[in-house]
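The following exercises are to be worked with the sequence and the coordinates at hand. Each task is followed by a solution in steps.

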Amino acid sequence: QVQLVESGGGLVQAGGSLRLSCAASETIASIGVMGWYRQAPGKVREFVATISRGGSPTYSNSVKGRFTISRDNAKDTVYLQMITLKPEDTAVYYCSAVVVTSTGPNTYWGQGTQVTVSS
């Protein structure tokens, strides 16, 4: 079972930057897609960005051009660099990892890290 621990959240003013980190309990080189999702109060969890094992990123339209996802297989860590933050980016950000097993894919989640953007 993969454990994921997020860090790097906090309070920032609009226009500022933050970098989130997601440390995995096992080598992420063996993990398939990893990603970031977020959930704002009263809203459903939504996709932010994913990155394949080979390093190909995908972004939601709302963050494209402002957020960058990356993975460091040597450190078993996935990052989300966020710039030009907006108040609507305020949410709990969750890291995810998809592990394909013989019985099918399993998705693991971290506990989340709070990002608050003030106007």
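**Exercise 1.** Is Trp-109 buried, partly exposed or exposed?

*Solution.* The model is a predicted one.
Step 1. Buried stands for a relative accessible area under 20% and exposed for one over 50%, with partly exposed in between.
Step 2. The relative accessible area of Trp-109 is 38%, so this residue is partly exposed.

**Exercise 2.** Determine how strand β4 is paired with β5 and with β9.

*Solution.*
Step 1. Strand β4 covers residues 34–39 and β5 covers residues 46–51; the two run antiparallel and are joined by five bridges. Within this pairing, Met-34 is placed opposite Ile-51 of β5.
Step 2. Six residues lie between the strands of the β4 and β5 hairpin, and among them Gly-42 has a positive phi near 75°.
Step 3. Strand β4 is also antiparallel to β9, with six bridges between them. Here Tyr-37 faces Tyr-94 of β9 as its opposite residue.

**Exercise 3.** How many aromatic pairs does the structure hold? Classify the geometry of each pair that involves Tyr-37.

*Solution.*
Step 1. There are two aromatic pairs in the structure.
Step 2. For Tyr-37 and Phe-47, the ring centres are 5.8 Å apart and the planes meet at 65°, so the pair is edge-to-face. Because Tyr-37 belongs to strand β4 and Phe-47 to strand β5, this pair ties together parts ten residues apart in sequence.
Step 3. Tyr-37 is partly exposed, at 22% relative accessibility, and Phe-47 is likewise partly exposed, with a relative accessible area of 29%.
Step 4. For Tyr-37 and Trp-109, the centres are 5.2 Å apart and the planes lie at 70°, so this pair is edge-to-face as well. Tyr-37 lies in strand β4 and Trp-109 in strand β10 (residues 104–109), so parts that are 72 residues apart in sequence are tied together.
Step 5. Tyr-37, Phe-47 and Trp-109 thus form one aromatic cluster.

**Exercise 4.** Over the faces of which rings does Arg-45 lie?

*Solution.*
Step 1. Arg-45 lies over the face of Tyr-94, at 3.7 Å from the ring centre.
Step 2. Arg-45 also lies over the face of Trp-109, where the distance from the ring centre is 4.6 Å.

**Exercise 5.** Locate Asp-76 and Thr-84, and state the sign of phi for each.

*Solution.*
Step 1. Most residues other than glycine have a negative phi.
Step 2. Asp-76 departs from this with a positive phi of about 55°. Asp-76 is located in the loop between β7 (67–72) and β8 (77–82).
Step 3. Thr-84 has a positive phi near 50°, although this residue is not a glycine. Thr-84 is part of the loop between β8 and β9 (91–101), and with a relative accessible area of 41% the residue is partly exposed.

**Exercise 6.** Is Asp-89 buried or exposed, and which residues are in contact with Asp-89?

*Solution.*
Step 1. Asp-89 is in the loop between β8 and β9.
Step 2. The relative accessibility of Asp-89 is 1%, so the residue counts as buried.
Step 3. When neighbours within four places in sequence are left aside, Asp-89 is in contact with Arg-38, Arg-66, Phe-67, Thr-84, Val-115 and Val-117. One of these, Thr-84, was assigned in Exercise 5 to the loop between β8 and β9.

Technical notes
Residues are numbered from 1 along each chain as its sequence is written. This is a predicted model: local features need pLDDT of at least 70, side-chain atom pairs count only at pLDDT 80 or more; totals for chains, interfaces and linings use all residues. Side-chain values use heavy atoms; hydrogens and water are left out. Helices (H or I, at least four residues) and strands (E, at least two) are DSSP runs, numbered from the N terminus. Buried means under 20% relative accessible area, exposed over 50%, partly exposed in between (1.4 Å probe, protein chains only). Contact means heavy atoms within 4.5 Å. Two strands pair if DSSP finds at least two bridges between them. Rings of Phe, Tyr and Trp (its six-membered ring) pair if their centres lie within 6.5 Å; planes under 30 degrees apart count as stacked, over 60 as edge-to-face and the rest as tilted. A charge sits over a ring if NZ of Lys or CZ of Arg is within 6 Å of the ring centre and within 35 degrees of the ring normal.
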